[in-house]
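Let's take a walk through this structure together, moving from backbone details to helix packing and then to the empty spaces. Have the model open beside you as you read.

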Amino acid sequence: MLNYRQLHYFWVVARTGSIARASEQLNLTPQTISGQITLLEQAYGVELFQRVGRQLELTETGRQALTYAEQMFQLGGELEAMLRAGPQEQILFRVGVADVVPKSIVYRLLAPTMELENVLRINCREDKLERLLADLAIQRLDLVISDSPMPPHLDIKGYSQKLGECGLSFFATPTLALQHDGPFPECLHDAPLLIPGQETVLRSRLLRWLGDQHLQPRIVGEFDDSALMQAFGQSGSGIFVAPSVIAEEVCRQYGVQLIGQTEAVNESFYAISVERKVKHPGIVAITEGARRELFNW
């Protein structure tokens with residue numbers, strides 16, 4: 001079994017950069033710390049540090065071990081804070097957001113959690129979906145918000161709840177809209193278009209719909225990050241898309257105008273958790289709020 005005291009000594013040395021500084025922080029002799037790290041290395045037949053001149057540097061194995069140690073002691077700190085706070089204080093709500101989900105959608109999905117009687121402290125992290133699901137599986141996250149359900153090829157226990165779906169809207173700056181002011185969707189033909197990147201579910205649906213309409217816009221940019229795509233759209237680089245449910249907000253925030261909408265291309269959003277029967281108050285608030293207020297199920 002992993003010796004957590006030895007791992008803690010390793011972690012402190014790696015963070016401070018030397019055994020001497022670690023001994024001051026831990027109030028232990030350098031010999032004690034050095035000896036315990038040596039025992040940790042011997043237990044697993046690895047080297048965690050190497051000497052380069054007078055400096056102590058992490059080996060490749062040491063760098064990998066440090067990544068895990070950082071996560072473990074961060075969670076330990078959160079656990080200690082939760083235990084010290086007591087049952088009447090904040091409840092930690094750890095949410096993972098797939099980086100392809102528009103930030104405005106994320107905010108509106110999370111907004112109902114701010115109104116709960118039991119105050120939540122939201123820890124929100126954005127990353128690729130598969131990495132978030134791996135953290136969900138080992139309970140580093142309570143919930144993952146994504147534009148797709150749990151992928152069937154992943155050997156991870158998780159349950160997907162559809163929060164809702166909506167059509168797609170097209171936006172342009174007033175100047176660009178004036179240059180392509182024909183009827184929609186014909187105005188998209190030969191127009192500069194910004195589209196979602198290959199990581200998104202929406203991309204293939206959009207391209208298929210354009211093909212069905214016999215439209216050939218000039219694709220001038222592809223973006224996994226919707227906020228970056230909207231920033232380029234705000235500058236007039238091209239027509240861009242966003243979920244219709246936030247169309248008014250996009251127009252107001254970016255100073256653009258709506259040039260058309262379609263229900264033939266829809267985008268769906270999912271809440272993925274490890275519980276089939278959801279009990280966490282934050283997840284309940286999100287699912288109920290999405291269906292009742294955002295998507296009007």
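Pro 185 sits in the loop that runs between helix 7 (174-179) and strand 7 (192-196). In this predicted model, the peptide bond that joins Phe 184 to Pro 185 is cis, with omega at about 10°. A second backbone detail waits in the loop between helix 2 and helix 3, where you will find Asn 27. Asn 27 is a residue other than glycine, yet its phi is positive, near 60°. Both details are worth a look, because most residues other than glycine have a negative phi, and most peptide bonds are trans.

Since Asn 27 has brought us to the loop between helix 2 and helix 3, let's stay with these helices. How do helix 2 and helix 3 lie relative to each other? The axes of helix 2 (residues 19-26) and helix 3 (residues 30-44) come within 9 Å and cross at roughly 110°. Angles of 65 to 115 degrees count as roughly perpendicular, and helix 2 and helix 3 are therefore roughly perpendicular to each other. On the helix 2 side, Ile 19, Ala 22, Ser 23 and Leu 26 meet Pro 30, Ile 33 and Ser 34 of helix 3. The residues of this contact comprise five nonpolar, two polar and no charged.

Helix 2 also packs against helix 1 (residues 4-16), with the two axes coming within 8 Å and crossing at roughly 120°. Helix 1 and helix 2 are therefore oblique to each other, and helix 1 passes helix 2 in a right-handed crossing. Helix 1 brings His 8, Tyr 9, Val 12, Val 13 and Thr 16 to the contact, while helix 2 brings Ile 19, Arg 21, Ala 22, Gln 25 and Leu 26. By class, the contact of helix 1 with helix 2 has six nonpolar residues, three polar and one charged. Notice that Ile 19, Ala 22 and Leu 26 of helix 2 appear in the contact with helix 1 and also in the contact with helix 3.

Now turn to helix 9 (residues 226-234) and helix 10 (residues 247-254), which pack at an angle of about 55° with their axes 10 Å apart. Helix 9 and helix 10 are therefore oblique to each other, and helix 9 passes helix 10 in a right-handed crossing. Here Ala 227, Gln 230, Ala 231 and Gln 234 of helix 9 meet Val 250, Gln 253 and Tyr 254 of helix 10. Four of these contact residues are nonpolar, three are polar and none is charged.

Helix 9 leads us on to the empty spaces. The structure holds one cavity of 30 Å³ or more, and the largest cavity contains about 110 Å³ of space. Of its 15 lining residues, Val 100, Pro 196, Leu 202, Ser 226 and Met 229 are the closest to its centre. The elements that give two or more residues to this lining are helix 9 and strand 9 (240-243). By class, the lining of the largest cavity has 10 nonpolar, three polar and two charged residues.

Finally, the second largest pocket has a volume of about 280 Å³. Its lining includes Gln 71, Glu 78, Arg 94, Arg 125, Asp 135 and Arg 140. Helix 4 (60-85) and strand 4 (120-127) are the elements that give two or more residues to this lining, and helix 4 gives the most, with four. Which classes make up the lining of the second largest pocket? Five of its residues are charged, three are polar and two are nonpolar.

Key:
Residues are numbered from 1 along each chain as its sequence is written. This is a predicted model: local features need pLDDT of at least 70, side-chain atom pairs count only at pLDDT 80 or more; totals for chains, interfaces and linings use all residues. Side-chain values use heavy atoms; hydrogens and water are left out. On a 1 Å grid over the protein atoms alone, a cavity is a set of points where a 1.4 Å probe fits but cannot get out, and a pocket is an open set with protein on both sides within 12 Å along at least five of seven lines; lining residues have an atom within 4 Å of a point. Grid points are joined across faces, edges and corners, and a volume is the space filled by probe spheres set on the points. Ala, Val, Leu, Ile, Met, Phe, Trp, Tyr, Cys and Pro count as nonpolar, Asp, Glu, Lys and Arg as charged, and the others, Gly among them, as polar. Axes are lines fitted to C-alpha atoms, for helices over the stretch in contact, and angles run from 0 to 180 degrees between N-to-C directions. Angles under 35 degrees count as roughly parallel, over 145 as roughly antiparallel, 65 to 115 as roughly perpendicular and the rest as oblique. A crossing is left-handed if the near helix is turned anticlockwise from the far one by less than a right angle, and right-handed if clockwise. Contact means heavy atoms within 4.5 Å.
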